Structures are given as structure tokens and as C-alpha cells.
Amino acid sequence: MCPGAESEKPGDCPVCGMALERNPSWKAVAKTQYTCPMHPEVQQDHPGDCPKCGMALEPVAVSADTEDEDSEWRDLTRRFQLCLALTLPVFVVAMLHLIPALAHASWVNSPLSRWMQFVLSTPVVLWGAAPFFRRGWNSLLSRHFNMWTLIMLGVGAAFLFSAGAMLAPSLFPDSMRMHGNVPIYFEAAAVIVVLVLLGQMLELRARNRTGSAIKALLSLAPPTARRITDSGETNIPLDSVQLGDHLRVRPGDKIPVDGVLIEGSSSVDESMLTGEPMPVEKQKHSPVTGGTVNGTGSFVMAAQRVGSDTLLAQIVAMVADAQRSRAPIQGLADKVAAIFVPTVVLCSILTFFLWWFVGPEPRLAHAIVNAVAVLIIACPCALGLATPMSIMVGVGRGAQEGVLVKNAESLERLEKVTTLIVDKTGTLTEGRPSLVEILPTADVQETELLRLAASLENQSEHPVAAAIVSAAKSRALTLAPIEFFASITGGGVSGLCDGKHLLIGSSSLLLEQGITGLDSLLTTAANRQAEGQTAIFVAIDGKAAGMLSVADPIKPTSAEAVASLKQLGIKIIMVTGDNKLTAAAVAKSLNLDGFEGDVTPQGKIDFVRLRHAAGEHVAMAGDGVNDAPALAQADVGIAMGTGTDVAMQSAGITLLKGDLRGISKAIHLSRATMRNIRQNLFFAFAYNALGIPVAAGLLYPFFGLLLSPMLAGVAMSLSSVSVITNALRLRSTHL
């Protein structure tokens, strides 16, 4: 009775008082589920942080909505910009005492300078680092110690010690004073916060790029479909298409859902699925796939698979699942932190009680100072810089060589790769057909055969026709006018040229038309097809005139790339949607370790999983939408820069020049970068391993020396300097 009164719960209408009835068209909207990319078993119905690793949870469902991503990016950007603006003056003022000419200037350590550092750094720590403290506190509650635990302790110790020095200086002994003041470390706390915020921004950008691959896949499907009913044709939203609907697909349209032709014919570009450049002819009863692009014909199809059942939707789901299965590089640091953090805390507590019970007077002051010194020298500044500094320099070095790295995880995984799976079209080959051979019969000239064929094919938009026309133009042949042209669906073309009747197409077409003199050409054609070429036959006035061989040529650099990869100990296997004869010819030509032909997108991802099950570390190189699931499933996805956007967004590494030799460069870069990261981690932990005992007072019984928090801060800074200096060496790495 009251269509305007709607409610999710039973009840009475507020207008007329009648009992509300369930609307059959109403659908309950399920809450979005969120999961951790590193721990898929963690799921909840609202955004938040993973209780195990602290990573931000991501939605399980695939969606094109970017509102959440934009809000998170805006929040991080705002925090970073404001914290950076507040931290820069704090850092500059705190470092002035290192300049010899200013070291003894009274204003450098004046109360105004110290209070300025306190005031500016307080919002950085209390507001800018609030999410880090929340994650660190959660890690303590869950006893899953991670990087956030280190950051919370390091920033908290440096800030609280400094705040205590400002607000309660009487707690500190005179021996801990310099120029009459207790040292402060506000710049250390603020700089750590800014660096961590920068790292979070870089991580979020990489995560958003991963999500853009899903959005690019979703955009392949058209937003609407043209449904045919008894009353005519109407455009409807794609999600309103139902099984059995008759849909009109016009020239140039994207096919909305999976189905079968029931009327008309056309050629369909299925390269987004197969990776092959040649359109596929479609006639009545031929299957068509949603997301592929119709050619020049018009047809009516019956919907057979809609919604999540379409092949495109399944590919989207495969990419999403493969992306969520990856483990971030921070996992290594978390494992170390699980041991390192409790050890540091224990050392600090032991230091406090040892000095309190057996230390000299003032015992409490000494206990506090030395315990804080332990925490400050264990501050994770160098540990936090160890990986991102090497990654940033390494990524920049790779960009100089045309190797675009999406994230640190890709470089880490690439180092361990033992098997490289490559697509054929656009990866090993050029990705566009070209004329490779002209075989005229005895009574026909080669140039005349090509001129006539190109003149007729110039009327066609087929890629094979374009290859023939391009070959004629490259030889400066003048094309003749066409008096009549007809396209024969699924076979070829015919027409009148220079008064001659031409017929061009497959051998089956010419045989059906009663063309004679094909016997000798058929044998040659079989040999060419075994070499991976496509045979196009030409007849003039009812008699065979010759054959044109069209092929997708292997890139000139592919052989060199394969040889260099084999020298690195990499096994190379080609997996392609092309036919097995073509695949065998290419594999033999390049001396590959193996090949698979006629492989579907699902077959490619299954092949990657099979290699994983065999204990191999797999990289996948491809350039098409059909490669996207396998690129995401592999340990490392490598996309050709000349390929589709979806492939590049799904891959962790993109070769901007489309040159396969870039893979060996990427492997060299990966090995150098990971070696550099391990060196950085060694420097970071070596300083802590040596500094913590000294900060705890190990030298005091023997030499009467104590490591003040100020010197602990200097040691911490030196560890950061060593990490940065070592990372910069990657700029000169030879790839």
C-alpha cells in the first residue's frame, strides 16, 4: 500500500498502519568482509589492522569503488605533510650543535630552542604517530611482536625521555647534563615518525596499483547491454541481464556476457583472452565471451553465463585470489622483531633493576638513564631504513634500465626464481603478423601476386590483410582499384581487380569453390604451418596462383635474452594460447626448456601452481589480459611495457621497452638489492648488538664509563648513516 515506506525489519507502515510486507525485489546487502593480505585467516566485517602483523585489512570482495582508498591516502598524506613541516625545524635546530662554529653558541641549547623542539615534536608524536602506537599496543596485547612494536618503543622512549628532561630535569644527575641541561632527543622521535609515514605512503601506493588491476579487468565489461524483447530493443544495466536473454551486439561493441550466436555473423577480437592478435570468425551457434570486442558485423546472442559465472568475472576472481595469497617483505622483519623486541625490553628492564639495586648513587637516576639509553640505542631507525633505502635506490637504478619495479616484494621474490614461464605473443614474438614468404605458381610473377592480393586485401580490416598490404607498400607497389569486393565469413575475400577475379583465403575455402592446381601448394603449406606460419592461398580466374605465408616473427632480442637467462641458471618454459604447432616451432627456434600450447587463462594459472607444487620458484612473463591471473599467481609477475594495462598492473615488474633481456637485468638488480638489504640489516643489528651492552653499563665496572642517552642517539644516527651510505652504492651496480 505504501511503496515509499521501506524498512529492513518487519513492522507497521508509519503512514497507514498496515503490516509491512517483504518486497520481492529487495536484496539484503551483505557487509563487506575484510582480510589480511599476509594472514588470510584473519577476517572481520569492518576495516582495521591485522592483530598479527599490523597490516591494514583489505576488502575480500572485488569492487571498483575507490572511496576507501582515497580516504586512506588523504589521511596519510595529511599526516605526512604536517609532520614533515613540523619536523624539519626540529631536526635543523637539534643538529646545529654539530657545526663547530655554533657548537658553543649559547642560543643553540637555550631554553627557547629546547622548548621549541618540545612544542613542535609533540603533535608529530601524539597525532602523527597515533596509528603506529595503536598497532604497537595491539601487538603487545596479542603478543605478536612486529615492526610496530619496535616503532612504538623507539619513538616512545626517545620522546618520553626528552619530555622528562624538559618537565622534570631534577630527576637526572649532574653527570648526565651538558651545558647545564639534560640532553633531549625530540628530533629522533619526530624523524622516525616522518620516515615511517613515508614508508606507509609508498606501501599504500603499491597496494592501490594492485587494486587497479582488478578495476581494469572490471572495466573490460560494458556497463550496459542491448536486450531484445517483444516490444523492441532497450539498453539495460549489465547486472540486469538474465540467462536466456537475447542481446543485440553492434559493430565495435564489447560483448556483455558469455553466450552463443543465434543470428548474424562477425569477427571478434579475443586478444584480451587468448593474447592472439587475429580476430576469430563467429557464425550461428559460435560461442562468444563477455569483454571481447565485436568487429564490423552485427549479431544477436543468447546469454548463457551472467554475473559472477562469466569467464571475465572468473578471471577477476583469480587475480584477486592470487594477489591476496602473497606475503609482504615485512614478514622477515616481523620474524626478527618477534625475537629482537622482547630481548631489548628484557635488557632494558634488567638494566633498570641492576642499577637500582647494586649501582652507585643516585641509583634511581642511573637506573632510569641507563634503561632509557638501552631503548634509545635499540631504536628501529636503522632497521626501518634498511629495506626501504635499498629498495628506493634499487628501483631508481632499475628505472634507468627500463625495469619498472612495483614493490619491494617483487625484488625479494625475484632473487629466488628458478623457473621463468613466458607467453609467446608479444613476449617472445613481436605480437603483430607480417608477411614472411611469397610462393607464386610457375606462371605468375611474385610481385604481381603480391600486388593483386594487396589490392583486394586493402578493402579488409583483418590483421592478416594489413600484413599483406604493409608488405606491398614496403616494396613500393602500386595498388590497383577494386571493381567488386565481398567478404566471405570464416574463409576469406573475393573481388574483381584489373579485370581478374580474385579469391583469397584458406585452402578449405578455395577447395569448396572448385579451385584447381592446389596440390603442390598444400604440401608446402603443411610445412609452413609446422613452422608456426599461417598459409593464405590466392586464386586468379578459378586457378591457384600462389600462397602467402604470414607469421608473428620472433623478436630479434629473444634469443639473446633466453641465452642470458640460462647463464643465470633459470629454466625457461613457454605457455601460450596459440596452437601447439606454432608453439613447438618457437620453442625449438629459441632452444627453450619446454612449452605448452592451446592453454587457457585457467590453464596458465594451473601450470604455475603445478610448478609451485614441484618446489620451484616461478616468475611469469606476459603481455595480455589472458596472462593476468598467471602473473598474479606467480611468485613474480613480469609484464611487457608494450602489452596491455591489465598485465602491467597485475605484474610486480614491468619491462618498459618490451625487451625480454630486461628480465636478466631485473634478476641482477634483485640479487644486488637483496644482498644490499642483508648488509644493511647486519649494520643495523650490529650497532644494537654492540651498543645495548654498552648502554646497559657493561664498561662501567672496568673503566667507569657510561653511555649517556645522547651518545646512544649518536650511535643510532651512525647506524642510519651506514645504512644510507651502503644503499647508495646500488646506484653504480652494473646490470
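Start with β13 and strand β25 (residues 653-655), which pair in the antiparallel sense over three bridges. Within that pairing, L404 sits opposite T654 in β25. Keep in mind as you click around that this is a predicted model.

Zoom out a little and the pair turns out to belong to an open sheet of seven strands, ordered β13-β25-β24-β23-β14-β21-β22, with mixed pairing. At the edges are β13 (403-405) and β22, each of which pairs on one side only. Neighbouring strands here are turned by 20 degrees against each other on average, direction ignored.

Two helices pack on this sheet, and they are handy for getting your bearings. Helix α17 touches β21 (571-575) and β22, and its direction makes about 160 degrees with that of β22. Helix α21 touches β13, β14 (419-422), β23 (618-622), β24 (636-640) and β25, with its direction at about 50 degrees to that of β13.

While you have α21 on screen, try its length. With 36 residues (661-696) at 1.5 Å a residue, the helix should span 52 Å, and its end C-alpha atoms are 53 Å apart, which agrees. Just after α21 comes G697, with a positive phi of about 105 degrees.

The other packed helix leads to a backbone detail too. N591 is found in the loop between α17 (580-590) and β22 (594-596). Its phi is near 60 degrees, a positive value in a residue other than glycine. N591 is exposed, with a relative accessible area of 53%.

H285 makes a good companion to look at next. This residue is not a glycine either, yet it has a positive phi of about 80 degrees. You'll find H285 in the loop between β9 (280-282) and β10 (287-288). Is H285 buried or exposed? Its relative accessible area is 61%, so H285 counts as exposed.

Now for another sheet. This one is open and has six strands in the order β15-β20-β19-β18-β17-β16, with antiparallel pairing. Because β15 (434-440) and β16 (482-488) stand at the edges with a single partner strand each, one side of each is left without a neighbour in the sheet. On average, neighbouring strands are turned by 20 degrees against each other, direction ignored. As a general reminder, strands of a sheet pair through backbone hydrogen bonds, either parallel or antiparallel.

Inside this sheet, strand β19 (residues 534-540) and strand β20 (residues 543-551) pair in the antiparallel sense over seven bridges. One position to look at is A539, which stands opposite A544 in β20. Helix α15 (residues 519-530) lies across β15, β19 and β20, and runs at about 5 degrees to β20.

Stay on strand β20 for A545. This alanine is buried, with a relative accessible area of 1%. What is A545 in contact with, leaving aside its neighbours within four places in sequence? The list is P440, T441, V444, L449, V538, A539 and I540. As for I515, 30 residues away along the chain, its C-alpha atom is separated from that of A545 by 9.9 Å.

For a simpler strand pair, go to β4 (residues 224-229) and β5 (residues 232-237), which run antiparallel and are joined by six bridges. A hairpin of two residues links β4 to β5. Here I228 has E233 in β5 as its bridge partner.

Next, look at helix α3 (residues 130-142). Its 13 residues reach 18 Å from first C-alpha to last, close to the 18 Å expected at 1.5 Å a residue. The buried residues in α3 are P131, F132, R135, G136 and S139. Seen down the axis of α3, these fall within an arc of 135 degrees, so they line one face of the helix. The general geometry is worth recalling: an α-helix has 3.6 residues a turn, so residues three or four places apart point the same way. On the other side of α3, W137 and L141 are exposed. Just after the helix, R143 takes a positive phi of about 60 degrees.

Finally, step back to the whole protein, which has 23 helices and 25 strands. Of its 735 residues, 49% count as buried. Among contacts with a separation of 6 or more, 66% are between residues 24 or more positions apart. The accessible surface comes to about 33,900 Å², and 59% of that belongs to carbon and sulfur atoms.

Terms used
Residues numbered from 1 in each chain as written. Predicted model: local features only at pLDDT ≥ 70, side-chain atom pairs only at ≥ 80, totals over all residues. Heavy atoms only, no water. Pairing = 2+ DSSP bridges. Helix = DSSP H or I, 4+ residues; strand = E, 2+ residues; numbered from the N terminus. Axes fitted to C-alpha atoms, helices over the stretch in contact; angles between N-to-C directions. Contact = heavy atoms within 4.5 Å. Buried < 20%, exposed > 50% of the residue type's maximum accessible area, 1.4 Å probe, protein only. Areas by Shrake-Rupley, 256 points an atom, 1.4 Å probe, with all protein chains shown as cover. Expected span 1.5 Å × (residues − 1). Arc of directions from axis to C-beta.
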